[in-house]
Amino acid sequence: MLFANVCAGFSTEMANQVLFCNDNLPKTTANSMDNGSFRAAVKRVTPTVVYIATSQTKYKLYPNQQPNSIGSGVIIDSLGYIVTNNHVIEESKRIEVTLYNRRTYEAKIVGTDPATDLALLKIDAPDLPSVDFGNSDSLQIGDWVIAIGSPLNLKFTVTLGIVSAKARSLNTLNVEDAIEAFIQTDAVINRGNSGGPLVDINGKLVGINTAISSVSKNYIGYAFAVPSNMVKKVVEDLRIYGMVQRGYLNMKVKEIDNTIAEDLQLKSMLGV
């Protein structure tokens, strides 16, 4: 049986270090595929992707910082605001963010939202490139999508896939009032990709890569991303209020299945 496994980072001791790309930041604007290639979108987005390493303080005789996990993130504002997954940075004592140009900064947590597994970080760095938000509601099944991140410590890796489904609920966040409406894709996502961007062929952010469905805890076919429209709402609230503002309706919703349709003598399976 497949199960949803949140692909949190892993200890940096488990993988060999890989050198970063060069120090030049390409400023190409992506419009569409270039002669069948996705290079324009990749050049636009890659400088906005960051590598995140966290550590915890562990006490023996003396306190010391121990490697905890790695993950990815994406810069959403030139002032240094970065979106990643909550599970990448939770319980961390120190968060280091490495940019595409190899510069490393210590990040501060602006706010977190376990219900969507999102977190907003901030670094003090000048004139940063930032990703443009796309409209995740406009995505259709079969559309191309590109994932960029640092899986298995392979920094700034690009994979390609299509949208396989929308509004997937995996019951994997294990928090009260979890909100799950994942974009499902077959772009390759592994541990370390968590928090990295999922973009369309124009280089617009359509999701934050969050989970994989696997029996081995490694990629075997499908990955899941938080839709960018949900990300935008969460980020705005975290930035303004430090927490997400939500209204609640005291009801539970269930999709109509064959049993319900027969019991209620429904003529259609549409609705909830």
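Is Asp 132 buried, partly exposed or exposed, and what is its relative accessibility? At 36% relative accessibility, Asp 132 counts as partly exposed, because the partly exposed class lies between the limits of 20% and 50%. The model in which this value was computed is a predicted one.

The chain as a whole gives the setting for this residue. The chain contains 4 helices and 15 strands. Of its 272 residues, 47% count as buried. The exposed area of the chain is about 14400 Å², and carbon and sulfur atoms supply 50% of that area. Among contacts in the chain with a separation of 6 or more, 64% are accounted for by residues 24 or more positions apart.

Side chains of opposite charge can pair when their charged atoms come close. In this chain the count of salt bridges comes to 7. One of these salt bridges is formed by Asp 132 with Arg 44, with the closest N and O atoms 3.5 Å apart. This pair links distant parts of the chain, since Asp 132 belongs to strand 9 (residues 132-133) and Arg 44 to helix 1 (residues 39-45), 88 residues apart.

A further salt bridge, at 3.4 Å from N to O, brings together the side chains of Lys 122 and Asp 124. Asp 124 has a relative accessible area of 61% and is therefore exposed, the limit for that class being over 50%. Glu 96 and Arg 94 also meet through their side chains in a salt bridge, with an N to O distance of 3.1 Å. Glu 96 is partly exposed, with a relative accessible area of 31%, and Arg 94 counts as partly exposed at 31% relative accessibility. Salt bridges that share partners join Arg 94, Glu 96 and Glu 106 into one network.

The strands that hold these network residues are paired. Strand 5 (residues 94-98) runs antiparallel to strand 6 (residues 104-106), and 3 bridges join the two. Within this pairing, Val 97 has Tyr 105 in strand 6 as its bridge partner. Strands 5 and 6 form a hairpin with 5 residues between them, and Arg 102 in the turn has a positive phi of about 80°.

A second hairpin is made by strand 7 and strand 8, with 4 residues between them. In its turn, Asp 117 has a positive phi of about 60°. Strand 7 covers residues 108-113 and strand 8 covers residues 118-122; the two pair in the antiparallel sense over 5 bridges. Opposite Gly 111 stands Leu 120 in strand 8.

Strand 7 also contains Asp 113. With a relative accessible area of 6%, Asp 113 is buried, because the limit for a buried residue is under 20%. The side chain of Asp 113 is joined to that of Arg 246 by a polar contact of 2.6 Å. When neighbours within four places in sequence are left aside, the residues in contact with Asp 113 are Leu 118, Val 234, Val 244 and Arg 246.

Glu 180 is another buried acidic residue, but one that has no salt bridge. The nearest side chain of opposite charge is that of Arg 168, which is 10 Å away. A salt bridge requires a side-chain nitrogen within 4 Å of a carboxyl oxygen, so a side chain at 10 Å does not provide one. Glu 180 is placed in the loop between strand 11 (157-168) and strand 12 (182-185). Apart from neighbours within four places in sequence, Glu 180 is in contact with Arg 168, Ser 169, Leu 170, Asn 171, Thr 172 and Leu 173.

Two further residues concern helix 4 and the segment after it. Ile 260 is located in helix 4 (residues 258-263) and is partly exposed, with a relative accessible area of 23%. Not counting residues up to four places away in sequence, Ile 260 touches Lys 254 and Glu 255. Ile 260 lies 12 residues from Val 272 in sequence, and their C-alpha atoms are 9.8 Å apart in space.

Leu 270 is found in the segment after helix 4. Its relative accessible area is 71%, so Leu 270 is classed as exposed under the limit of over 50%. Leu 270 and Glu 255 are separated by 15 residues in sequence and by 8.4 Å in space, C-alpha to C-alpha.

Key:
Residues are numbered from 1 along each chain as its sequence is written. This is a predicted model: local features need pLDDT of at least 70, side-chain atom pairs count only at pLDDT 80 or more; totals for chains, interfaces and linings use all residues. Side-chain values use heavy atoms; hydrogens and water are left out. Two strands pair if DSSP finds at least two bridges between them. Buried means under 20% relative accessible area, exposed over 50%, partly exposed in between (1.4 Å probe, protein chains only). Lys and Arg count as positive and Asp and Glu as negative; His and the chain ends are not counted. Contact means heavy atoms within 4.5 Å. A polar contact is a pair of N or O atoms within 3.5 Å; within protein, one must be able to donate a hydrogen and the other to accept it, and residues adjacent in sequence count only if both atoms are side-chain atoms. Accessible areas come from the Shrake-Rupley method with a 1.4 Å probe; for residues, only the protein chains shown count as cover.
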